[in-house]
Amino acid sequence: TVDAGGAGTCDALTNTACNGALYFSTVTTIVLNNVDVNGTAEQGLNANNISNLTVEGCSFTNCGNNEQFEGCMKIRELTGTCLFNNSTFTFASDETVEIINAVTNGALNLTVTNCTFSDNFDKTFGEKGLHVTTSNTTTNSLTVDNCFFRRLKSQGVRASATAGTFNVNVTDTEFNKDTKKFMSGVEIIPAGTSTMDINVNRNTM
């Protein structure tokens, strides 16, 4: 992929102008099965306004060219019943997998199982493993189970909401900084009028 540019073009606020090895816009059902993405100049997967995303047995690695706002997945407005299973997301330049719902009113029900998020600590802008933020007034849910978060520069899982209800479950998961200087496990951030129901159990940190 070609780098579309940074701040003002492809950044934390907008992703419609971002480039990605996979690019989806306004798609209702997406199934990725045994897809390997390796070595992108910007995003591994870039998506806006999509629903019912399944990622099964996939690998995203070396995503971005060590610049800010580049990673394995950059998704804005994800809704429906979604599943990431038995997949790896490694060596992202910034956020590894970032999902931000700031506009849509649709509910997100995301389950992440048997996945690995790792190895952005040594990147200049390395950040979180899995970052999900919602701002709508509906009920959303995130379940992370039996996953591995290793050698990340920030949190393994970060979930935040400014409105509505966000149910967050993180269970039977490993958070391991290995030989790196620091890394935190789970960060939950309720704000505004949001209600967050939290279940964080049986994890190794």
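Start with the largest pocket of this predicted model, which holds about 180 Å³ of space. A pocket here is an open set of points, on a 1 Å grid over the protein atoms alone, with protein on both sides within 12 Å along at least five of seven lines; grid points are joined across faces, edges and corners, and the volume is the space filled by probe spheres set on the points. Select Ala 12, Phe 69, Asp 94, Glu 95 and Glu 98, which are the closest to the pocket centre among the 14 residues of its lining, where a lining residue has an atom within 4 Å of a point. Five of the lining residues are nonpolar, three are polar and six are charged, with Ala, Val, Leu, Ile, Met, Phe, Trp, Tyr, Cys and Pro counted as nonpolar, Asp, Glu, Lys and Arg as charged, and the others, Gly among them, as polar. Next colour strand S7 (73–85) and strand S9 (97–101), each of which supplies at least two residues of this lining; strands are DSSP runs of E with at least two residues, numbered from the N terminus.

Before going further, note that residues are numbered from 1 along each chain as its sequence is written. Local features need pLDDT of at least 70 and side-chain atom pairs count only at pLDDT 80 or more, while totals for chains, interfaces and linings use all residues, and side-chain values use heavy atoms, with hydrogens and water left out.

Keep Glu 95 selected and add Lys 128: the two form a salt bridge in which the closest N and O atoms are 3.0 Å apart, a salt bridge being a side-chain nitrogen of Lys or Arg within 4 Å of a carboxyl oxygen of Asp or Glu. Lys 128 sits in the loop between strand S11 (116–118) and strand S12 (130–134), and Glu 95 in the loop between strand S8 (88–92) and S9, so the pair ties together parts that are 33 residues apart in sequence. Lys 128 is buried, at a relative accessible area of 8%, and Glu 95 is buried as well, at 11%; the terms mean under 20% relative accessible area for buried, over 50% for exposed and in between for partly exposed, with a 1.4 Å probe and protein chains only. Adding Glu 127 to the selection shows a salt bridge between its side chain and that of Lys 128 (3.1 Å, N to O), and Glu 127 is partly exposed, with a relative accessible area of 26%. From there, select Lys 74, Arg 76 and Glu 98, which salt bridges with shared partners join into one network. The structure holds ten salt bridges.

Which residue pairs with Arg 151 in a salt bridge? The partner is Asp 119, and the closest N and O atoms are 2.5 Å apart. Arg 151 lies in the loop between strand S14 (148–150) and strand S15 (155–161), whereas Asp 119 lies in the loop between S11 and S12, so this pair ties together parts that are 32 residues apart in sequence. Stay on Asp 119 to inspect the backbone, where phi is near 65°, a positive value in a residue other than glycine; Asp 119 is buried, at 17% relative accessibility. Then move to Asn 86, in the loop between S7 and S8, where phi is near 50° and again positive in a residue other than glycine. Asn 86 is partly exposed, with a relative accessible area of 49%.

Several strand residues make useful further stops. Cys 82 lies in strand S7 and counts as buried at 2% relative accessibility; a C-alpha to C-alpha distance drawn from Cys 82 to Asn 114 is 14 Å, for residues 32 apart in sequence. Gly 156, in strand S15, is buried at 0% relative accessibility. Thr 171 belongs to strand S16 (residues 165–171) and is buried, with a relative accessible area of 8%. Add Asp 145, and the C-alpha atoms of Thr 171 and Asp 145 are 4.9 Å apart, although 26 residues separate the two in sequence.

Finish on the surface by selecting Ile 198, Val 200 and Met 205, which make a nonpolar patch of about 300 Å². Such a patch is made of residues with over 30% relative accessible area and no salt bridge, the nonpolar side chains (Val, Leu, Ile, Met, Phe, Trp, Tyr) being joined within 5 Å, and accessible areas come from the Shrake-Rupley method with a 1.4 Å probe. Met 205 is in the segment after strand S19 (195–201) and counts as exposed, at 63% relative accessibility.

Notes
On a 1 Å grid over the protein atoms alone, a cavity is a set of points where a 1.4 Å probe fits but cannot get out, and a pocket is an open set with protein on both sides within 12 Å along at least five of seven lines; lining residues have an atom within 4 Å of a point. Helices (H or I, at least four residues) and strands (E, at least two) are DSSP runs, numbered from the N terminus. Patches are made of residues with over 30% relative accessible area and no salt bridge: like charges are joined within 9 Å, nonpolar side chains (Val, Leu, Ile, Met, Phe, Trp, Tyr) within 5 Å.
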